[in-house]
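The following exercises concern the geometry of a protein chain. Each task is followed by a solution that proceeds step by step.

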Amino acid sequence: VPALRAFHCKNTHNFVHHYKTTLLGLDDDIGYGVLRVSRYLGWSPFYLGQPVYNLLLQMFFEYGVAIQHLELGKVAKKKWPADSPERKQFEADRRLVLKKVGKQVAKDYLIFPLLTGPAFFSTLTANITANVVRNVWTNAVIFCGHFPDGAEKFTKADIDGETQGQWYLRQMLGSANISGGPLLHFMTGNLSHQIEHHLFPDLPSNRLAAIAVRVRELCDKYDLPYTTGSLPVQYAKSWRTIIKLSLPNKYLRRSADDAPETRSERVFGGAATIDPATGRRRGLRTALQEGRRRIARRAAAAVA
């Protein structure tokens, strides 16, 4: 059983997420099967409850991660016959998850409180509080690395013929960092360096800060965006996206090509050129900045 649990974690996170990072329909970390975080994803009335789903996911994040590989949303749509191999495998995986969750719940909320005798309810309350605080913090750190403005999403078509260099570019464009000092980086387990974590997923986390300096130098050299911001700002942007995308696209002002949470190449277009003023290559970062300025000018002209 422990080996199977390790396999599920390695497959869901190490392979699926880190190889298929930010690919819609393939990377389950994009919304965890219950959240719509890209305008390219279809809308249904189910998504009206996104703010509530996300609040519950925050509070019980450890259990959400535990059942992630079960892909309950996809299973519900497939409606396999009870005697099919796929259904039998799902049932076996579900039993393993329920057994694991049951042991943890019993330990946190029954066995340990009982061991404290008269302090049972105090221990129970303390354990609940500690777990919720940890879950909310972990959820915030992970969401800040995947869902704020500038963390792009991709489709299956985007990886047709993808080279190794393009794979690295996808990791960089699909991630976002949290800026801060050594204490914040320590408290996040260095996942505040989410860009570097996606670029080098097998690198020890205490090396990510040093690598970040070199990654930023490369971004400056090739005029590539490097998305980062403070934790409150990044988290607020993630929540804003989740709340906005609970609504159908027709109620949103921006299109999928120029929305804050995702921008396609159609928003700027054109080939890279040389800046005559500096002699430097003009790349994606400059193109995105110019695209935003054009959108702002059109909005100002419409108001006038």
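Angles under 35 degrees count as roughly parallel, those over 145 as roughly antiparallel, those from 65 to 115 as roughly perpendicular, and the rest as oblique. The model is predicted, so local features require pLDDT of at least 70 and side-chain atom pairs pLDDT 80 or more, while totals for chains, interfaces and linings use all residues. Residues are numbered from 1 along each chain as its sequence is written, and side-chain values use heavy atoms, with hydrogens and water left out.

**Exercise 1. Describe the packing of helix α2 against helix α11.**

Step 1. Helices (H or I, at least four residues) and strands (E, at least two) are DSSP runs numbered from the N terminus. Helix α2 covers residues 50-59 and helix α11 residues 231-244.

Step 2. Axes are lines fitted to C-alpha atoms, for helices over the stretch in contact, and angles run from 0 to 180 degrees between N-to-C directions. The two helices pack at about 135°, and their axes are 8 Å apart. α2 and α11 are therefore oblique to each other.

Step 3. A crossing is left-handed if the near helix is turned anticlockwise from the far one by less than a right angle, and right-handed if clockwise. The crossing of α2 with α11 is right-handed.

Step 4. Contact means heavy atoms within 4.5 Å. On α2 the contact is formed by Gln-50, Pro-51, Asn-54, Leu-55 and Gln-58, and on α11 by Tyr-235, Trp-239, Ile-242 and Ile-243.

Step 5. Ala, Val, Leu, Ile, Met, Phe, Trp, Tyr, Cys and Pro count as nonpolar, Asp, Glu, Lys and Arg as charged, and the others, Gly among them, as polar. The contact of α2 with α11 thus comprises six nonpolar, three polar and no charged residues.

**Exercise 2. Give the same kind of description for helices α5 and α6.**

Step 1. Helix α5 (residues 85-115) packs with helix α6 (residues 120-146) at an angle of about 145°, the axes being 8 Å apart. Their crossing is right-handed.

Step 2. From α5, the contact draws on Asp-108, Tyr-109, Leu-110, Phe-112, Pro-113 and Leu-114; from α6, on Phe-120, Thr-123, Leu-124, Asn-127, Ile-128 and Asn-131.

Step 3. By class, eight residues of this contact are nonpolar, three polar and one charged.

**Exercise 3. Which residues do the salt bridges of Arg-240 and Arg-170 join, and how exposed are the partners?**

Step 1. A salt bridge is a side-chain nitrogen of Lys or Arg within 4 Å of a carboxyl oxygen of Asp or Glu. The structure holds five of them.

Step 2. Arg-240 and Asp-149 form a salt bridge with an N to O distance of 2.3 Å. Arg-240 lies in helix α11 and Asp-149 in the loop between α6 and α7 (164-173), so the pair ties together parts that are 91 residues apart in sequence.

Step 3. Buried means under 20% relative accessible area, exposed over 50%, and partly exposed in between (1.4 Å probe, protein chains only). Arg-240, at 34%, is partly exposed, whereas Asp-149, at 14%, is buried.

Step 4. Glu-162 and Arg-170 meet in a salt bridge of 2.8 Å, N to O. Glu-162 is partly exposed at 24%, and Arg-170 is buried at 4%.

**Exercise 4. Locate the salt bridge of Glu-91 with Arg-94.**

Step 1. The closest N and O atoms of this pair are 2.3 Å apart. Both residues lie in helix α5, three residues apart, about one turn of the helix.

Step 2. Arg-94 has 32% relative accessibility and counts as partly exposed.

**Exercise 5. Where do Asn-190 and Asp-223, two residues with positive phi, lie?**

Step 1. Asn-190 is in the loop between α8 (182-187) and α9 (194-199). Phi of Asn-190 is near 65°, a positive value in a residue other than glycine.

Step 2. Asn-190 is buried, with a relative accessible area of 14%. Leaving aside residues up to four places away in sequence, Asn-190 touches His-185, Ser-205, Asn-206 and Leu-208.

Step 3. Asp-223 is in the loop between α10 (208-221) and β2 (228-229). The phi of Asp-223 is positive, about 55°, although this residue is not a glycine. With 7% relative accessible area, Asp-223 is buried.
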